[in-house]
Amino acid sequence: IGTAQAVWDDKRGLTMEHFLYALVLGLALAVRVGALGRWPLRDQEAGLALSAWRFARGLPAPLRGHSPLLFHVNALLFFLTDGSDAQARLLSVLFGSSLVALPYGLRRYLGRTGALTASVLLALSPSMVYFSWAVDGSVVVGFCALGLLVVAANLLERHGASLAPVATALLVLALIAGPSVYTMLAILLTFPVALQAWTRLRADAGGLDDLRRAWRNLAVDADWWRRGLLVAAALFLAAGLGFAYNPMGLQMALDQFGKWVADFHFVGTSPWYRAPLLLLLYEGLPLFLGIVGFLLARKRRDVLTLLLRYWLIFAVIFSVVPGYRPPSSILLILLPLVLAAGQASEYLVQQMRNMPGRPLFWALLALSMTVTGAAYVQLVAYLSSPVSTHLLRIAALSVFVLSAHAFVWSLVGPDVPLRAAAAWLLVLVLFGWMRAGVRLNYRRADDVAEPMVVVSTSPQLVELSEAAARLSSQVTGDERTMTLRVDERLEVPLGWYLRKFEQVSYVREVAEQPDADAVILPAGAPAPSEYVGLRFALRSSWVGGRQSLFEWLRWWTGQKTAVRGQVVEEAVVLWVKKPA
């Protein structure tokens with residue numbers, strides 16, 4: 001840790017540290033709130049929101065398959081308000097924002113600079129931001145997983161059971177949040193077995209002895225365990241059963257295991273390398289720094305380091321072997337990478353501490369960035385018009401910048417050019433990482449050409465509900481009283497956006513001459529007689545297919561916004577009765 005640690009150790013530095021964490025927390029909340037109501041809810045999210053809204057108003061609602069935690073919190077919010085997309089996502093946003101504060105509890109392990117770096121990475125991570133406004137519970141499980149790592153680090157250090165209530169609360173939250181909790185449990189439950197096998201292989205029982213000692217100290221204190229179980233029971237009663245208003249909450253919690261098992265299927269349109277590809281496309285900075293961090297800590301044998309290594313290996317293999325996992329599975333891969341990236345940042349701060357006073361360092365860095373900008377312009381030109389001249393220019397620019405580094409090396413030795421190259425690479429990865437976050441969360445979160453998205457609901461559904469409200473006002477004098485007949489296959493997600501209409505019925509078949517002011521049918525269905533229609537996009541889905549490296553580069557540079565022949569688009573038609 002060196003100089004970086006010394007800077008943090010004075011009293012003013014500690015106060016500044018708290019201020020910086022507060023700043024990072026505010027930044028995390030800001031970037032998540034910015035996308036809170038920007039995109040419509042997808043089918044699974046709209047189904048949960050609709051069920052919670054109906055439950056809050058005493059209407060019949062499906063009570064199977066939903067996350068109990070999200071369901072009951074949203075039901076309470078919708079009981080107090082009329083509900084909205086932003087409110088349905090509020091709990092995920094709060095957990096996703098609070099997640100960035102947890103590395104503070106790992107300062108003794110990561111170092112203060114490393115812990116703060118991990119917080120910044122979690123705050124701005126494209127994947128973390130994206131799933132922080134997804135109503136699927138994955139970010140809540142991520143919060144609980146990182147929280148359990150913080151608890152484990154403190155238990156191993158203090159050898160006490162005072163954090164048992166916190167641990168049991170996190171476990172219960174995770175169990176009622178989403179199906180990815182079972183991946184987390186599989187990692188934690190198989191780690192002692194893997195650690196024992198490692199001990200026998202390497203004849204080093206240090207880590208296993210520490211784990212056994214922590215467990216013995218934890219097990220002997222029955223009072224803390226009783227408190228932990230009491231906290232767990234109270235939390236499950238409140239968030240899992242809705243204070244006993246919804247006994248089906250227990251079935252909902254059990255359904256999460258069924259949903260987790262259901263993901264173990266092979267989808268021919270989804271490549272086996274999907275999760276690693278998502279990491280490479282969206283999480284370049286944590287991936288790069290995380291690998292560096294694991295390499296730097298390769299000789300460490302403490303329990304937490306071994307757990308993080310095992311966690312990463314297990315999560316990567318688990319995301320590849322079953323053949324298909326949802327995109328949210330990368331969150332559990334990302335957590336150990338972010339913590340290892342924090343360790344790498346401590347090392348980089350120490351290595352770079354003398355560079356600010358070296359003019360040659362800044363000159364090389366500025367030259368490298370300028371040449372990189374020129375090479376990028378040539379790359380974009382080549383992707384637009386594949387002429388070999390652009391590639392020759394890129395090659396010439398590469399030779400020029402390498403020659404500059406070699407020249408400085410010959411003058412002052414390898415220290416300056418190597419550190420300048422490392423800083424240059426870090427800045428490039430940082431730029432690409434931030435660009436990916438902006439593109440994913442603010443520009444193309446409804447574009448299924450984005451590998452993270454897969455399925456999206458069209459923003460035109462909001463326009464449909466607004467058009468129906470205007471029509472109702474014209475026909476009945478009230479925005480909510482027009483009679484609507486809707487194909488039952490469209491109840492999700494249309495039911496959520498039509499929830500305020502008082503006379504909506506979902507039917508299996510619509511008569512040729514329906515007795516309703518308006519009818520909503522899938523595009524392509526026979527038109528009811530004496531009605532005129534207005535078409536709206538419903539959803540899009542990516543059905544797979546391989547792309548060449550050339551096409552990936554065109555997509556990354558923004559020259560390609562859709563994947564031809566690989567996107568299925570669905571639409572609906574709002575049919576309105578012709579005036580007499």
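So, E530: its relative accessibility comes out at 56%, and the cut-off for exposed is over 50%, so E530 counts as exposed. Keep in mind that this is a predicted model. E530 also has a positive phi, about 65°, although it is not a glycine. As for where it is, E530 belongs to the loop between strand 4, residues 518-522, and strand 5.

That takes us to the strands. Strand 5 covers residues 531-542, and strand 1, residues 455-457, runs antiparallel to it, with three bridges joining the two. Strand 5 also pairs with strand 6, residues 567-577, again in the antiparallel sense, and here there are eleven bridges. If you want a residue to click on, take S541 in strand 5, the bridge partner of V455. Then go to strand 6, where the bridge partner of S541 is V568.

There's another positive phi to show you. A244 is not a glycine either, and its phi is near 70°. You'll find A244 in the loop between helix 14, 222-240, and helix 15, 249-262.

Now a peptide bond to look at. Which residues does the cis peptide bond join? They are V492 and P493, with omega at about 15°. P493 sits in helix 24, which is residues 491-497.

Okay, helix 12. This one is residues 181-202, so 22 residues going by the DSSP run. From the first C-alpha to the last, helix 12 reaches 31 Å, close to the 32 Å expected at 1.5 Å a residue. Where does helix 12 bend? At F191, by about 35°, and a proline, P192, follows within four residues.

F191 is also one of the buried residues in helix 12. The others on that list are V181, Y182, T183 and M184, then I187, L195 and T199. Something to hold in mind while you look at them: an α-helix has 3.6 residues a turn, so residues three or four places apart point the same way.

Last stop, helix 21, residues 388-412, which is where A396 lies. Is A396 buried, exposed or partly exposed? Its relative accessibility is 47%, and partly exposed lies between under 20% and over 50%, so A396 counts as partly exposed. And if you pull up A396 together with L27, the two are 369 residues apart in sequence, and C-alpha to C-alpha they are 41 Å apart in space.

Conventions: Residues are numbered from 1 along each chain as its sequence is written. This is a predicted model: local features need pLDDT of at least 70, side-chain atom pairs count only at pLDDT 80 or more; totals for chains, interfaces and linings use all residues. Side-chain values use heavy atoms; hydrogens and water are left out. Two strands pair if DSSP finds at least two bridges between them. Buried means under 20% relative accessible area, exposed over 50%, partly exposed in between (1.4 Å probe, protein chains only). The expected span of a helix is 1.5 Å times one less than its number of residues. The bend at a residue is the angle between axes fitted to the seven residues ending there and the seven starting there.
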